[in-house]
Amino acid sequence: MTHRILILGGTTEARQLAGKLAARASVMLSLAGRTESPVAQGVPVRSGGFGGADGLAAYLSKTGTDLLIDATHPYAAQISANAAQAARMAGVPILALRRPGWEPVEGDRWTQVDTSGDAAQALGPARRRVFLALGRQEVAAFEAAPQHHYLIRSVDPVEPKLAVPDASYLLARGPFREAEERALLEKHRIDVVVSKNSGGEATYGKIAAARGLGIEVVMIRRPDLPDVPSAETVEALASIVDQLGVDHFVRPVDERGV
Ligand SMILES: NC(=O)c1ccc[n+]([C@@H]2O[C@H](COP(=O)([O-])OP(=O)(O)OC[C@H]3O[C@@H](n4cnc5c(N)ncnc54)[C@H](OP(=O)(O)O)[C@@H]3O)[C@@H](O)[C@H]2O)c1
């Protein structure tokens, strides 16, 4: 019998993990369905919300899922909370892939805030040239500070456009290297970067570039996430799954077949 793993994804690591685990289990990767043209995932994918924790618990039971893995983005707090609750409700083990956040290093000029609304306030009253490397959902908060020039980069178009007089838009999908990010900041004469503390390599380029140019970064802190067993890397999580497989779900099922 093949074991069923549901991976809640929407991140590069989730896709990598799904590829790695697909050799040893039946893997389903779940995406929220927000991105208009998601990159090919290489494993079976389902798309769209489950209908809260209840809906996810029902899905886990209906599909006979043996293990739930929360590999969503660290700022996707709602789905992570739902996952922890649904796993409890359905009696299914859960693991989370939690990539560590970035820490400021020598030369960084970070102002740390809790929300995108706080970030808009932290820009101050004087006009600045601001790079918003944030998702569509967060940029609306900057309408509260219409005095600035905004350069907004997102994977999908920001619709509706921001109700501010001076904004330009860039569509791009990472990874972004430091040299490209530095060139972008210089070209647009950016004097402050607003970022989430995503962690990982793929979007660190702008942070390193800002440091090199002596530019301030307004860093939006991570939300609180539920306390579930977790690993920091794809490799570490895959090896926990292997151990779990031996101790908890592979062996009992294998024995049934003997
Ligand atoms: N937030 C970010 O900065 C960010 C950055 C990069 C990628 N992402 C990815 O984009 C997706 C949405 O992020 P978000 O911040 O909007 O999430 P969220 O606020 O935590 O979740 C909102 C709702 O979207 C649905 N959902 C979210 N992730 C899902 C998934 N992987 N599969 C099925 N349904 C999902 C759930 O709907 P129901 O309650 O109906 O189940 C959830 O309640 C996530 O998959 C996340 O990994 C987010």
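**View 1. Open sheet of six parallel-paired strands.** The strand order in this predicted model is 3-2-1-4-5-12. Two strands count as paired if DSSP finds at least two bridges between them; strands (E, at least two residues) and helices (H or I, at least four) are DSSP runs, numbered from the N terminus. Strand 3 and strand 12 (230–231) stand at the edges with a single partner strand each, so one side of each has no neighbour in the sheet. Residues are numbered from 1 along each chain as its sequence is written, side-chain values use heavy atoms, and hydrogens and water are left out. Local features need pLDDT of at least 70 and side-chain atom pairs count only at pLDDT 80 or more, while totals for chains, interfaces and linings use all residues.

**View 2. Strand 1 beside strand 2.** Strand 1 (residues 4–8) runs parallel to strand 2, and five bridges join them. Leu6 stands opposite Met28 in strand 2, and Ile7 stands opposite Leu29 in strand 2. Together with helix 1 (residues 12–21), strand 1 and strand 2 make a right-handed β-α-β unit. A crossover is right-handed if, with the strands pointing away from the viewer, the path from the first strand over the helix to the second runs clockwise.

**View 3. Strand 2 beside strand 3.** Three bridges pair strand 2 with strand 3 (residues 45–47), in the parallel sense. Here Leu29 is opposite Val45 in strand 3; Leu29 also has Ile7 opposite.

**View 4. Polar contacts of the ligand with Gly9, Ser30 and Lys196.** A polar contact is a pair of N or O atoms within 3.5 Å; within protein, one must be able to donate a hydrogen and the other to accept it, and residues adjacent in sequence count only if both atoms are side-chain atoms. A ligand oxygen atom lies 2.7 Å from a backbone N or O atom of Gly9. The side chain of Ser30 places an N or O atom 2.7 Å from a ligand nitrogen atom. For Lys196, a side-chain N or O atom is 2.3 Å from a ligand oxygen atom. The protein buries 79% of the 810 Å² that the ligand exposes when taken alone (Shrake-Rupley method, 1.4 Å probe).

**View 5. The shell around the ligand.** There are 23 residues around the ligand, and Gly9, Ser30, Arg34, Phe50 and Lys196 come nearest (near: a heavy atom within 4 Å). Seven residues of the shell are nonpolar, 12 polar and four charged. Nonpolar means Ala, Val, Leu, Ile, Met, Phe, Trp, Tyr, Cys and Pro, charged means Asp, Glu, Lys and Arg, and the others, Gly among them, are polar. Helix 3 gives the most to the shell, with four residues.
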